[in-house]
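Here are two short exercises to work through with the model open beside you. Try each task before you read its solution.

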Number of protein chains: 2
Amino acid sequence: MEPLHGPATYEHEPPRHWALKINSKEPFNAEPPACELVDSYITSVDMFYKRNHGPIPVLENYSLFRLKVGGLAPNHCSLSMDEIKQLPKHTVVATLQCAGNRRTAMSLSRKVKGVGWDISALGNGVWSGARLSDVLNMVGIPNYTKVSSCGGKHVEFVSVDKCKEENGGPYKGSIPLLQATSPDADVILAYEMNGEELNRDHGYPLRVVVPGVIGARSVKWLKSIDIIAEECQGFFMQKDYKMFPPSVTWDNINWGSRRPLMDFPIQCAICRPEDGAYLEEGSKVTVQGYALSGGGRGIERIDVSVDGGKTWIEAKLGQGLKSGHGYIPDDDDHRDKWAWVLWELSVQISSPTDILAKAVDSAANVQPESVESIWNLRGVLNNSWHKVHVNIIPKQLHSNL
Amino acid sequence: MEPLHGPATYEHEPPRHWALKINSKEPFNAEPPACELVDSYITSVDMFYKRNHGPIPVLENYSLFRLKVGGLAPNHCSLSMDEIKQLPKHTVVATLQCAGNRRTAMSLSRKVKGVGWDISALGNGVWSGARLSDVLNMVGIPNYTKVSSCGGKHVEFVSVDKCKEENGGPYKGSIPLLQATSPDADVILAYEMNGEELNRDHGYPLRVVVPGVIGARSVKWLKSIDIIAEECQGFFMQKDYKMFPPSVTWDNINWGSRRPLMDFPIQCAICRPEDGAYLEEGSKVTVQGYALSGGGRGIERIDVSVDGGKTWIEAKLGQGLKSGHGYIPDDDDHRDKWAWVLWELSVQISSPTDILAKAVDSAANVQPESVESIWNLRGVLNNSWHKVHVNIIPKQLHSNL
């Protein structure tokens, strides 16, 4: 039996936190309550969304495990976990977000296909491991290579899990070689999450973390890395995770006409109060949420409306890393380049209303007002203005409850 | 007298094409008719928008001109034009766009301050010159440097023109050191435009071209390049070209609260037919326009509506470089990474209607539906859905005209 392998059944699943909202049991797909997200700049491992396409792989023998690196690279190698841990350890704070985050709301306007995610299919983690660029150096590919000497232009990551969509084969994905070999793109082979050994749900013993890109490219339970000439031909690169216009249906879809999604767009959501909440009349409420953008673009500002969109107030950005996480290096002023921003705004709300939020990124990109204009049959990348409705309880009544 | 200097008056302006629409005469600010833009993938020098903040500088003595490079760099140097031309020549196809493009339409909803640009404050040029990274190597700064050994983090470009906003001093701007030293960011010191020597309006003898970034950072009539610790403190970095929310007015503005604009957001406009055009009933019309995004993000698709937004049809992307421009290197599949996309759609229009267009970039960013949500007092980065109204002339009547 292989030292790391993907079982065919769900008998070996790890334990999970009871508070997760399960969107699909087998494969296990779950997200935390939204309020958990804004309670901590770094999302705990337990509360980090779980996104799988098959049973969780099992590592039978840590010391026999080898990561294979090769393909079109000038040299090939195979690395044990100990060898990987001997490479310089690099730490990145990065928010991973499923391309399907906020899909449920997109389905309200017109039904889409896919796991029904609410607003919590994302989390902000501290990832430590070897730089992918250092590992590629070992097989003869220098930093900042766009095309390798043997014609390689992409780097493919292959898992060991068994996916239905791949006819029982493993999950795969790729990124451009230039991104993979640029140390400032911060792509890492992570063996730690939040300062602890990566757990099974998140890719133990080794996963890729590709910051600023949809979560689907951060392949877990990594088995091999190959330099390839063209982008990965796997299902999740070619027949999924692409963006279509609203006019495309399952009858006229042409998968080959679109590129695989990589960078995600500007996004933000309100995590507290939750949709449908009852607030006490005249009391002060702190509206809280997250905002993030792909490709290393920062958050410029977040606008919040508590009158259904008539007027807007700028939210206060959270303190981020200043809240103190000992294991995050302090000497890099771009250390939150790939991370979300938590924000809040204290307001008084005296009648039932819609609270709205929308963000602007450092490239001045904004979110679309309505979901209709970005509707797509796979329900990916819903980043329309987020709205929660709040009700008001008279003060008297509330104190009697 | 300095070999290159900025005159105090407008007596030495170069000749310009009569067809340009002049938005301000002194300093000279002008744009071409929109239809000129879609007639050629590469914008001719004559039809390229002109954006100035003072009189056009005069080069008195080509052989005495020196570009000074220094600041916090380990070494300093001064280069003649001949020395710059001896460095490897690099060619980039890049669209430059003024941050104020489409400002006039933003002013319709609520008045903004600034030169009134319609939709043609942009152009796609072929720029040739030395790589900025090669010049920085000469003063001891290696490629891909985030912080130089002497603490430099930005690269400042200083012109020789005389700007009112700088109290008669020169125009200035800066970009991050990492971008300046990354050869794949394609920042160049250009001495040629469209295969010919740069002309005076566009920065003769030497200008910076920073692809993917608002035009304001591509400083013309370059005199010196300095490595500096923090971003440039010039007027156009600190008191202009920043993005504010709609709620900020001239009474409550705090310039220090925002970062200077760099990458521009997804943008697109309809160049033909023009707003208010009369079309013959039942005739086929080819809607044409441009689309572009900042930061090297490509265009994923353009949606066009000929029924005021009820239904949308995908436009056909233009052939771009395939139309043949001998002076563009053919061996680089990213050679149009920084360039716009021209698009078109043939449709039959039988009654008066609004034609709308909106684009999606490779990071799935979309344009905002209305200008109100992005209104800002300086009228920058209006990238709301573009709309033109067309009228219909009965067939009979048209043939009588």
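**Exercise 1.** This is a predicted model. Find the salt bridge that Glu300(A) forms, then describe the interface of chain A and chain B.

*Solution.*
Step 1. Go to Glu300(A): its salt-bridge partner is Arg259(B), with the closest N and O atoms 3.3 Å apart. A salt bridge here needs such atoms within 4 Å, so the pair passes.
Step 2. Now look at where chain A supplies its residues: strand 18 (residues 299-305) gives the largest share of the side that touches chain B, namely four residues.
Step 3. Sort that side of chain A by class, and you get 17 nonpolar, six polar and 15 charged residues.
Step 4. Zoom out to the whole interface. Four salt bridges cross between chain A and chain B, and 38 residues of chain A are in contact with 38 residues of chain B. The buried area is about 3100 Å², with 47% of it from carbon and sulfur atoms.

**Exercise 2.** Chain A is divided into domain 1 (2-257) and domain 2 (267-400). Work out how these two domains meet.

*Solution.*
Step 1. Count the contacts: 52 residues of domain 1 touch 42 residues of domain 2 in chain A.
Step 2. Take the buried area, about 4000 Å², of which carbon and sulfur atoms give 62%. On the domain 1 side, Tyr41(A), Arg102(A) and Met106(A) lose the most area, together 21% of what that side buries.
Step 3. Check the charged pairs. There are two salt bridges between the domains, and Asp39(A) meets Arg272(A) in a salt bridge at 3.1 Å, N to O.
Step 4. Finish with polar contacts: 19 residue pairs are found across this domain interface. Strand 7 of chain A gives the most to the domain 1 side, with six residues.

Methods: Residues are numbered from 1 along each chain as its sequence is written. Chains are lettered from A and ligands numbered from 1 in the order in which they are written. This is a predicted model: local features need pLDDT of at least 70, side-chain atom pairs count only at pLDDT 80 or more; totals for chains, interfaces and linings use all residues. Side-chain values use heavy atoms; hydrogens and water are left out. Contact means heavy atoms within 4.5 Å. Buried area is the accessible area (1.4 Å probe) that two parts lose on being put together, summed over both. A salt bridge is a side-chain nitrogen of Lys or Arg within 4 Å of a carboxyl oxygen of Asp or Glu. Helices (H or I, at least four residues) and strands (E, at least two) are DSSP runs, numbered from the N terminus. Ala, Val, Leu, Ile, Met, Phe, Trp, Tyr, Cys and Pro count as nonpolar, Asp, Glu, Lys and Arg as charged, and the others, Gly among them, as polar. Domain bounds come from an automatic or database domain assignment. A polar contact is a pair of N or O atoms within 3.5 Å; within protein, one must be able to donate a hydrogen and the other to accept it, and residues adjacent in sequence count only if both atoms are side-chain atoms.
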